[in-house]
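Hi everyone, thanks for coming. I'd like to walk you through a structure that may be new to you, so please have a look at it first.

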Amino acid sequence: MKSNLLFSAFAITLLLFSSCSKVKNLVGKEERSSATGWAYNDPENGGFEYKKGYIQKTGPGLVFIEGGTFVLGRTQDDVMFEWNNMPRRVTLPSFYIDKTEVKNVNYLEYLHWTKRVFVDYPEVYKKALPDTMVWRSELAYNEPYVNNYLRHKAYSEYPVVGVSWEQASDFCEWRTDRVNERILIEKGILKENPDQRNENNFNTQAYLMGQYEGVVGTNLKDLNPDNEERRVRWSDGILLPKYRLPTEAEWEYAALATVGNSTDERIGDKKMFPWNGHWVRNDSKKHRGEMMANFSRGKGDFMGSAGALNDAGDITVPVESYWPNDFGLFCMAGNVNEWVADVYRPLSSYDVAEFNPYRGNVFKTPLLDEEGNIAEKDSLGRVRYRDQKDEELVNRVNYRTADNRNHRDGDLASSVVADTEWTNDELRSKGSSLMYLNAQGADNNTYNTLINDESRVYKGGSWKDRVFWLSPGARRFLDQKSSRDDIGFRCAMTHVGSPVEGK
């Protein structure tokens with residue numbers, strides 16, 4: 001009996017030792033390179049770090065959108081006869097997008113932070129302020145909205161409006177830094193620092209490039225034997241990609257949400273709107289006849305009759321109103337139009353990439369000092385960038401100039417110019433492109449059209465639009481510095497790795 005117990009104990013010890021060795025081989029420093037056979041994560045071996053199994057975390061407010069192929073563009077009758085969004089099949093990688101439009105309370109948080117931190121640069125706060133006077137009308141009494149809509153608690157959950165495309169883009173940058181700073185704080189790498197002021201505020205790129213110290217909690221242990229500790233690197237996968245405006249293709253794909261009416265790649269019910277069917281009323285027994293979105297049903301009818309307010313939205317409504325689409329996104333039709341990232345061109349269907357289409361690329365590189373090092377931060381604590389120069393791209397075959405907003409529709413390749421010696425930069429300095437200037441305007445930048453490199457697309461329809469504009473394929477444009485009482489935005493984020501969530 002005693003010998004059996006000793007044998008059993010010996011067997012268990014061998015089993016545990018074997019198991020521990022296997023675990024060590026799988027996750028410890030003994031994991032080896034399939035190319036060289038050298039061990040990863042081994043200080044005795046130089047400390048090259050590698051860990052399997054990275055899965056991107058979902059950032060605050062975002063919903064995962066699994067990518068795929070779909071028909072981008074307007075497939076319904078174009079009663080405006082603009083023909084500016086002809087159907088074409090494209091493929092999108094997976095991405096994230098906000099569940100709702102950005103709310104007033106979200107934007108007020110941004111304004112509060114900006115005013116508190118940039119104490120020596122009050123113009124930053126003023127630049128971020130929405131234009132509340134967009135509510136004014138010569139023949140309407142809208143002063144209550146001018147005074148109350150942005151800041152009164154009653155409208156906290158309503159979508160922010162009066163923001164330009166440029167202001168929305170700045171908000172995305174700020175949100176990126178605040179989210180990544182919070183991640184580092186929760187991991188104990190940084191400590192909370194309410195005393196950040198002016199250029200000494202957390203910026204993701206500045207931190208990654210070693211130009212922001214902050215209040216350090218605990219740096220990561222460095223497996224390189226030459227160093228004891230190190231800062232977080234982008235390759236660690238701890239920080240999230242930047243928040244940004246969605247591309248037009250991403251926005252349209254997320255709005256259509258064909259995942260809800262397709263089986264094995266077969267779409268069973270073509271959508272005209274973010275919901276199934278060709279009508280704008282709910283067809284369920286419980287909510288039959290109720291409007292699916294906030295829009296204007298006709299001249300002078302914004303919400304129905306007293307006692308039976310159908311869409312119950314005189315102007316905008318709280319961002320989680322009505323029913324979400326099959327991706328779980330609210331108000332992808334109606335309530336407010338939404339800015340997207342793209343520069344507007346009416347011929348987008350003819351000059352679009354088949355994978356991840358987008359017009360608006362301006363390729364940049366960090367600004368270097370005379371010694372070839374990353375230049376000092378700007379006055380707002382951000383890394384400085386510049387456009388790449390044409391002479392730096394001479395040997396490239398995938399692109400030849402930094403600013404591609406007018407590629408194939410306004411650049412040298414598509415413009416008829418008198419002086420064939422002009423460069424793209426010279427052409428652009430004369431006002432986007434000659435094809436969008438009148439004959440006498442080449443020198444004084446006089447436009448004869450609103451279409452130029454600063455015209456941005458907005459989509460979705462709003463509380464003051466007719467049903468035609470609720471279709472995801474509908475598109476309009478506005479100057480990126482302009483704002484209105486019916487345009488808001490939501491943010492997106494790139495998904496890295498497998499297109500399938502959690503893989």
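Let's begin at strand S4 and strand S18 (residues 492-494), which run antiparallel and are joined by 3 bridges. Within that pairing, Ile97 has Ala492 in S18 as its bridge partner. Strand S1 (residues 62-65) also pairs with S4 in the antiparallel sense, over 4 bridges, and there Ile65 stands opposite Phe95. When I say that two strands pair, I mean that DSSP finds at least two bridges between them. The strands themselves are DSSP runs of E with at least two residues, the helices are runs of H or I with at least four, and both are numbered from the N terminus.

Which way do the side chains of S4 point? From this strand, residues 95-98, Phe95 and Ile97 point one way while Tyr96 and Asp98 point the other way, and all are buried. Buried here means under 20% relative accessible area, exposed means over 50%, and partly exposed is in between, using a 1.4 Å probe and the protein chains only.

A word on where this comes from: it is a predicted model, in which local features need pLDDT of at least 70 and side-chain atom pairs count only at pLDDT 80 or more, while totals for chains, interfaces and linings use all residues. Residues are numbered from 1 along each chain as its sequence is written, and side-chain values use heavy atoms, with hydrogens and water left out.

Now the overall picture. The protein has 8 helices and 18 strands, and of its 503 residues, 46% are buried. Its accessible surface, by the Shrake-Rupley method with a 1.4 Å probe and, for residues, only the protein chains shown as cover, is about 27,300 Å², with 53% of that belonging to carbon and sulfur atoms. If we take contacts, meaning heavy atoms within 4.5 Å, with a separation of 6 or more, 65% of them are between residues 24 or more positions apart.

Next, please find the open sheet of 4 strands. Its order is S16-S15-S12-S17, with mixed pairing. Strands S16 (476-479) and S17 (487-488) are at the edges with a single partner strand each, so one side of each has no neighbour in the sheet. S16 pairs with strand S15 (residues 455-459) in the antiparallel sense over 4 bridges, and Ser455 stands opposite Asp479 there.

Let's stay on S16 for one residue, Leu478. Is Leu478 buried or exposed? At a relative accessible area of 18%, Leu478 is buried. Leaving out residues up to four places away in sequence, Leu478 touches eight-odd neighbours you can click through, among them Trp339, Tyr458 and Ile487. Its C-alpha atom is 8.7 Å from that of Ile451, which is 27 residues away along the chain.

For a contrast in burial, try Pro366 in strand S13 (residues 364-366). Pro366 counts as partly exposed, with 21% relative accessibility. Beyond four places in sequence, Pro366 touches Met209, Ile374, Arg384 and Tyr385.

On to a helix. How many residues of helix H7 (residues 248-256) are buried? The count is 9 of the 9, so H7 is largely enclosed by the rest of the structure. Trp251, Tyr253 and Leu256 are among them, and so are Glu248, Glu250 and Glu252. Just after H7, Ala257 takes a positive phi of about 50°.

Two asparagines have a positive phi as well. Asn41, with a phi of about 55°, is in the loop between helix H1 (2-27) and S1, and is buried at 12% relative accessible area. Asn198, with a phi of about 50°, is in the loop between H5 and helix H6 (204-208), and counts as buried at 8%.Last stop, the second largest pocket, with a volume of about 850 Å³. Of the 28 residues that line this pocket, the closest to its centre are Tyr54, Lys187, Asp236, Gly237 and Ile238. Helix H5 (165-186) and strand S5 (220-221) are the elements that give two or more residues to the lining, and H5 has the largest share, 4 residues. The lining divides into 10 nonpolar, 7 polar and 11 charged residues. Here Ala, Val, Leu, Ile, Met, Phe, Trp, Tyr, Cys and Pro count as nonpolar, Asp, Glu, Lys and Arg as charged, and the others, Gly among them, as polar. On a 1 Å grid over the protein atoms alone, a pocket is an open set of points where a 1.4 Å probe fits, with protein on both sides within 12 Å along at least five of seven lines, and lining residues have an atom within 4 Å of a point. Grid points are joined across faces, edges and corners, and the volume is the space filled by probe spheres set on the points.
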